[in-house]
Amino acid sequence: MKINENYQKLPGSYLFSTISKKVKAFQKEHPEKEIIRLGIGDVTLPIVPAVIKALHQAVDEMGNASTFHGYAPDLGYPFLRETIAREDYEKRGCDVKADEIFISDGAKSDCGNIQELFGPEARIAVCDPVYPVYVDSNVMAGRAGEYDPSSGIWSKVIYLPCTRENRFVPGLPKETPDMIYLCNPSNPTGTAMTGKQLKVWVDYANEHDAVILYDAAYEAYISDREVPHSIYEVEGAKTCAIEFRSFSKNAGFTGMRLGFTVVPKELSFGGASLHDMWARRHGTKYNGAPYIQQKAGMAVYSQEGRRELAEQVAYYMRNARTIAQGLEEAGYEVAGGVNSPYVWLHTGKLTSWEFFDRLLENAQVVGTPGSGFGPSGEHYFRLTGFGTYENTVKAIERIKTYG
Ligand code: PLP
C-alpha cells in the first residue's frame with residue numbers, strides 16, 4: 001500500500017506535550033505549590049450574553065419545521081457574508097465584496113488548506129518564529145523538502161527571521177517565494193507590522209508574482225493606528241493577498257468554530273483565478289459552517305455584541321500590559337503586548353527551555369519556550385494575556401521576586 005510519505009517526514013510535535021510532562025513532574029514533587037499557567041493560547045472568558053442569546057434563538061429555530069435549516073450554503077449564508085463585507089471591510093475603506101468572503105469553521109483549517117491551490121513545486125516563505133500550521137501543512141503536501149533536526153530547518157522553506165535585531169519585522173528574502181505567509185499581529189511574537197511595512201511586502205508580491213497568505217486572527221487586539229486591521233487597507237493588496245480571519249480570539253469562539261477567508265476576484269496566479277479555485281474547493285470538500293454558528297457570528301457585529309466583546313478584549317489586553325510592564329520592571333527585554341495578547345521576552349543567555357525550567361522552579365509560572373516556534377525563537381519565551389487578571393498579577397509579582 002502506498003501512503004503519503006510526507007507525513008513520515010514531520011518531526012514529532014513535542015512542544016506542548018513536553019511542557020505538560022515537565023509541569024506534571026514538578027507538581028508531583030511539590031504538591032503544595034500553586035502553578036500559574038501563562039502559556040495559554042486559548043481564550044478563557046465565556047461567550048458573551050449577546051452571542052448566547054443569538055445561539056438560543058438559532059437553536060429554537062432548528063426545532064421548528066418552518067424555520068429549520070439543513071445544509072448551509074457551502075460558501076456561507078449571505079446574511080453573514082454581507083455583514084462582514086460591510087462591517088469589517090467597507091467601514092475601513094476596503095473594497096471587499098460579500099462574494100469574495102468564504103465562511104468556514106476557523107482560520108486553522110483555511111490556513112492549512114489554502115496550500116492545495118498551489119503546485120507541488122511552489123516555494124513558501126514563512127516568518128521565523130511562526131505559527132506551525134503554515135509549515136506543517138506544506139510538509140504534508142511535499143513542498144518543504146527535507147528536515148534537518150540539528151537546525152530545525154526545512155530545505156525548501158524560505159525562512160524570514162524575526163528577531164530583536166530587525167524589531168521582529170521580516171526582511172525581503174533573497175530567493176523568490178510563490179507563497180508568503182504573514183501573520184499580523186504575530187503569533188508568537190505579539191508584534192505587528194504597520195501599513196508602511198506591509199506595503200513593502202505587497203509591492204514585492206505584486207512585482208514577483210507571489211501570493212501573500214495573510215493571517216489576521218488577532219486583528220481585534222490592534223490598538224496602534226499605524227497597524228491596519230486588514231491587508232486590503234494597503235494599496236495593491238487585492239491583486240496579491242488572501243486574508244484569513246477568525247472568530248476565535250475576537251469573540252471567544254475557539255470551542256464553537258467560525259472563521260472566514262477573503263479571496264479577491266482580481267487575484268490570479270499562473271493565469272488562474274484563486275477565487276474560483278477556492279470556491280470550487282470549498283464547495284467540494286466543505287459542507288458549510290453550521291447555521292447556529294453563523295447566527296452567533298452575526299451577534300458579534302450587533303451593538304450589544306460589540307460592546308461586550310470590546311470589554312473581553314480589553315480584559316485580555318490589560319493582562320498583556322501587566323505582563324509586559326512587569327517584566328520590563330524586572331529588567332527583561334520585552335516585545336508584544338500592545339497589539340496582541342502575546343508577550344515575547346528575551347531569555348538572555350539561557351535557552352528557551354532553560355528559562356522554562358527556571359521559571360517553573362523559582363516562580364511556578366508556566367509559559368511557552370520560543371524555540372518551539374522555529375529556530376529564531378531560541379532565547380525567547382512567550383507569555384499570554386489569556387489567564388485571569390488575578391493570576392496574571394500574582395505571576396508577575398512572583399517573577400519580579402524570584403524569577
Ligand atoms: N492563526 C493563528 C496565528 C493562531 O494563533 C490561531 C490559533 O491559535 C489560529 C490561526 C487558529 O484560529 P481558529 O481557532 O479560527 O482555527
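Where does proline 188 lie, between strand 7 and which helix? Select proline 188 and you will find it in the loop between strand 7 and helix 7 (195–208). Keep in mind as we go that this is a predicted model.

**Two cis peptide bonds**

Stay at proline 188 and show the backbone. The peptide bond leading into it from asparagine 187 is cis, with omega near 20°. Now jump to proline 129 for another cis bond: here the partner is aspartate 128, and omega is about 10°. Proline 129 sits in the loop that runs between strand 3 (124–128) and helix 6 (133–140).

**Strands 7 and 8**

Next, select residues 179–183 and 211–215. These are strand 7 and strand 8, which run parallel and are joined by five bridges. To see one pairing, pick tyrosine 181: its bridge partner in strand 8 is leucine 213.

Is strand 8 buried or exposed? Five of its five residues are buried, so strand 8 is largely enclosed by the rest of the structure. Colour the strand by face and you will see that both sides are covered. Val211, Leu213 and Asp215 are on one side, Ile212 and Tyr214 are on the other, and all are buried.

**Around the ligand**

Now centre the view on the ligand. It is surrounded by 14 residues, of which the closest are Gly106, Ala107, Lys108, Ser246 and Ser248. Which helix gives the most to this shell? Select residues 107–113: this is helix 5, and it contributes three residues. If you colour the shell by class, you should count five nonpolar, seven polar and two charged residues.

**A loop residue with positive phi**

Move on to arginine 257, in the loop between helix 8 (248–251) and strand 10 (259–262). Arginine 257 is not a glycine, yet its phi is positive, at about 75°. It counts as partly exposed because it has 17 C-beta neighbours inside 10 Å.

**An open sheet of four strands**

For the next stop, bring up strands 13, 14, 17 and 16. In that order they form an open sheet with antiparallel pairing. The edges are strand 13 (334–336) and strand 16 (368–369), each of which pairs on one side only. Inside the sheet, select residues 342–346 and 380–384: strand 14 and strand 17 run antiparallel, with five bridges between them. Tryptophan 344 is a good residue to click on here, and its bridge partner in strand 17 is arginine 382.

While you are in this region, select histidine 379, which lies in the loop between strand 16 and strand 17. Histidine 379 is another non-glycine residue with a positive phi, again about 75°. Is this residue buried or exposed? Histidine 379 is buried, as 20 other C-beta atoms lie within 10 Å.

**Helices 11 and 13**

Finish with residues 303–329 and 389–402, which are helix 11 and helix 13. They pack at an angle of about 5°, and their axes are 10 Å apart. That angle makes helix 11 roughly parallel to helix 13. To view the contact, show side chains for Tyr315, Arg318, Asn319, Thr322, Ile323, Gly326, Leu327 and Glu329 of helix 11. From helix 13, add Tyr389, Thr392, Val393, Ile396, Ile399 and Lys400. Coloured by class, this contact has seven nonpolar, four polar and three charged residues.

Methods: Residues numbered from 1 in each chain as written. Predicted model: local features only at pLDDT ≥ 70, side-chain atom pairs only at ≥ 80, totals over all residues. Axes fitted to C-alpha atoms, helices over the stretch in contact; angles between N-to-C directions. Helix = DSSP H or I, 4+ residues; strand = E, 2+ residues; numbered from the N terminus. Parallel < 35°, antiparallel > 145°, perpendicular 65-115°, else oblique. Contact = placed C-beta atoms within 7 Å. Nonpolar A, V, L, I, M, F, W, Y, C, P; charged D, E, K, R; others polar. Near = placed C-beta within 6 Å. Buried ≥ 20, exposed ≤ 12 C-beta atoms within 10 Å, placed from the backbone. Pairing = 2+ DSSP bridges.
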